[in-house]
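Student: Got a minute? I'd like to go through this one with you, strand by strand where we can.
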Amino acid sequence: MGVTVRDDKKVVDNLVVKCYEVDSAQRLKPTAFMDLAQEMAYQAASAMRFGYDELIVNNLAWVLSRMRFRFLKAPVWGDEVEIRTWHRGALGPFFVRDFELLDRNGERMVEATSSWVIIDVESRRMARPEEVLPKEDTSCHDFAIETPAGKVMMPRGVEPEYVMTHKVAYSDIDLVGHTNNARYVAWAMDCMYYGESGITVDEVEIVFHHEARPGDEIALYKAESDGATFVEGRRGDAPIFCAKLGNI
């Protein structure tokens, strides 16, 4: 990626939607957007001098805690798009980062907000902002979605349905040795009914409670409520993640 840092502290790149990033309707998959956003987050943090290389020397790493994104207009195979991201600053224990994906005419296609924490990769403790961020202000106070990503929980009064168990394997693992954040959404979407018309999901909200590692067996449960599908992954009795998949 050849990212550019603008004067307003937004980091920008231009991309073409690839064939392996789309579904059978040639729409960009939600998981593919999460992959793009994750790479942009790493690139942007590096450009601002608090990226992977700067953190790992102190045994620290970025971990996604929550994310919400909406497809306003689905990108399709071959679209030329611009992705932008910016750091909104610290909010309690979280570092808030927003994203937007624009078409070649500058119309917003996807909007997203995410909340991250920084952990010690050995002790798993969280780092404080002052331990990581440079002294100068690197934040931009615009927003793609004004309210930061919130908690997602299984709906009350609905009995979740057991769908399947996924054993965490090689294809799930990221560069810090745990399950890549986009894989949880892939597991959740695999729990949805896939009919002749495929699956259309315009909005995703997800919260991560605990990391999943190679060999873990994650039981997946789903429930339907208010037109949305909720999927929770559990390791034993412990919730690992909860996702809400729906349409705007």
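Student: Let's start with strand S6, is it mostly covered or mostly open?

Tutor: Mostly covered. Keep in mind that this is a predicted model. In it, S6 runs over residues 108–120, and 12 of its 13 residues are buried.

Student: And which way does strand S3 run against S6?

Tutor: Antiparallel, with 11 bridges joining S3 (residues 60–71) to S6. To pick out one pair there, Arg68 has Thr113 of S6 as its bridge partner.

Student: How many bridges are there between S5 and S6?

Tutor: There are 8, and that pairing is antiparallel too. S5 covers residues 94–102.

Student: Which residues of S6 stand opposite Leu101 and Leu102?

Tutor: Leu101 faces Val110, and Leu102 faces Arg108.

Student: What about the hairpin of S5 and S6, how many residues sit between the strands?

Tutor: 5 residues. Gly106 in that hairpin takes a positive phi, near 85 degrees.

Student: Remind me, what holds strands of a sheet together in pairs?

Tutor: Backbone hydrogen bonds, and the pairing can be parallel or antiparallel.

Student: OK, zooming out. What's the strand order in the sheet?

Tutor: It goes S1-S2-S4-S5-S6-S3-S8-S11-S10-S9-S7, an open sheet of 11 strands with antiparallel pairing.

Student: Why do S1 and S7 each have one side without a neighbour?

Tutor: They stand at the edges. S1 (4–5) and S7 (161–167) each have a single partner strand, so one side of each has no neighbour in the sheet.

Student: How many helices go with the strands?

Tutor: 3 helices, alongside 11 strands. Along the sequence the pattern reads β-β-α-α-β-β-β-β-β-α-β-β-β-β. The radius of gyration is 18 Å, close to the 18 Å that the globule rule gives for 248 residues, so the protein is as compact as a globular protein of that length.

Student: What box do the C-alpha atoms fill?

Tutor: Roughly 50 × 45 × 35 Å, taken along the principal axes.

Student: Back to burial, what share of the whole protein is buried?

Tutor: 52% of the 248 residues. As for contacts with a separation of 6 or more, 70% come from residues 24 or more positions apart.

Student: Switching to the surface, how much of it belongs to carbon and sulfur atoms?

Tutor: 48% of an accessible surface of about 12,300 Å².

Student: Last one: how far apart are the mean positions of the positive and negative charges?

Tutor: 3 Å, counting 29 positive and 41 negative charges.

Note on methods: Residues numbered from 1 in each chain as written. Predicted model: local features only at pLDDT ≥ 70, side-chain atom pairs only at ≥ 80, totals over all residues. Heavy atoms only, no water. Helix = DSSP H or I, 4+ residues; strand = E, 2+ residues; numbered from the N terminus. Rg over C-alpha atoms; globule rule 2.2 N^0.38 Å. Buried < 20%, exposed > 50% of the residue type's maximum accessible area, 1.4 Å probe, protein only. Contact = heavy atoms within 4.5 Å. Areas by Shrake-Rupley, 256 points an atom, 1.4 Å probe, with all protein chains shown as cover. Lys, Arg positive; Asp, Glu negative; His and termini not counted. Charge placed at Lys NZ, Arg CZ, Asp CG, Glu CD. Pairing = 2+ DSSP bridges.
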